[in-house]
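Student: I would like a close look at a single part of this model. Please take one region and follow it outward to whatever it connects with.

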Amino acid sequence: CSTSSRDILIIMIRRTRNSKQSKIVRYAGSEEKQNIQWDDQGKALFSCDYDPKYLKENMNSDICVADFTAGAVVVVSAAGKLRFRYSGPSPSTKDPFKPLGITTDSQSRILVANGHNMCIHILDQDGQFLRYIDSNERFSYDLCVDSKDNLFVSECTGKVKIIQYYK
């Protein structure tokens with residue numbers, strides 16, 4: 001992910017015999033500037049499996065990560081501090097929350113595709129659930145929002161759907 005400050009954010013996963021680690025590394029050119037890996041209690045922020053993780057920088061410089069294995073959207077500040085974790089609106093839902101693609105819009109809303117129930121969750125910049133968009137596609141892998149807040153959804157059929165979700 002490229003940032004507004006022209007840095008690059010990369011998710012890295014490392015497995016050894018004795019440990020597993022997952023982190024975000026911020027680069028300015030080829031220089032490593034920041035590692036984001038642990039919360040304030042020393043617990044891992046992100047799962048360590050090789051399942052997909054997508055990331056996007058928000059308009060307010062938060063880093064938003066869709067962590068499929070953890071079943072959560074993890075949002076950290078530019079300083080690397082955990083802001084919130086979103087794991088779906090209700091644990092009573094039959095289908096698990098398995099986030100795939102993630103993007104943000106001009107109002108710093110977070111849009112994330114749930115790979116298991118054919119919908120896209122819209123959150124405000126503080127992690128409050130706002131509403132669903134029904135995508136009618138079981139696996140919407142990636143999302144992108146243009147400058148007019150049109151949502152582009154890539155489908156597993158190879159097609160791209162354009163959705164106007166706010167006026």
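How many Å³ of space lie in the largest pocket, and which residues line the pocket closest to its centre?

Tutor: The model is a predicted one. The largest pocket holds about 310 Å³ of space. Its lining is made up of 19 residues, and those closest to the centre are K56, E57, N58, M59 and T104. Three elements each give two or more residues to this lining: β4 (53-57), β8 (99-104) and β12 (140-145). Sorted by class, the lining contains six nonpolar, eight polar and five charged residues.

T104 is a useful place to start, as it is among the residues closest to the pocket centre and belongs to strand β8. T104 has a relative accessibility of 7%. Buried means under 20%, so T104 counts as buried. Its side chain also reaches the backbone oxygen of E57, at 3.5 Å. E57 is itself one of the residues closest to the centre of the pocket, so this contact links two names from that list.

The rest of β8 follows the pattern of T104. Six of the six residues of β8 are buried, so the strand is largely enclosed by the rest of the structure.

From β8 the path leads into a sheet. This is an open sheet of four strands in the order β8-β9-β10-β11, and the pairing is antiparallel. β8 and β11 (129-134) stand at the edges with a single partner strand each, so one side of each has no neighbour in the sheet. From one strand to the next, the twist averages 20 degrees. An edge place in the sheet and burial are separate matters here: β8 lacks a sheet neighbour on one side, yet six of its six residues are buried.

The partner of β8 is strand β9 (residues 110-114), and the two pair in the antiparallel sense over four bridges. Within that pairing, T103 of β8 has L111 in β9 as its bridge partner. β8 and β9 form a hairpin with five residues between the strands, and in this hairpin S108 takes a positive phi near 65 degrees.

At the other end of the sheet order, strand β10 (residues 119-123) pairs with β11 in the antiparallel sense, over five bridges. There, C119 has D134 in β11 as its bridge partner.

To sum up the path, T104 is one of the residues closest to the centre of the pocket, and its strand, β8, is an edge strand of the four-stranded sheet.

Key: Residues numbered from 1 in each chain as written. Predicted model: local features only at pLDDT ≥ 70, side-chain atom pairs only at ≥ 80, totals over all residues. Heavy atoms only, no water. 1 Å grid on protein atoms, 1.4 Å probe; cavity = no way out; pocket = protein on both sides within 12 Å on 5 of 7 lines; lining within 4 Å. Points joined across faces, edges and corners; volume = space filled by probe spheres on them. Nonpolar A, V, L, I, M, F, W, Y, C, P; charged D, E, K, R; others polar. Pairing = 2+ DSSP bridges. Axes fitted to C-alpha atoms, helices over the stretch in contact; angles between N-to-C directions. Buried < 20%, exposed > 50% of the residue type's maximum accessible area, 1.4 Å probe, protein only. Polar contact = N/O pair within 3.5 Å; in protein donor to acceptor, adjacent residues only side chain to side chain.
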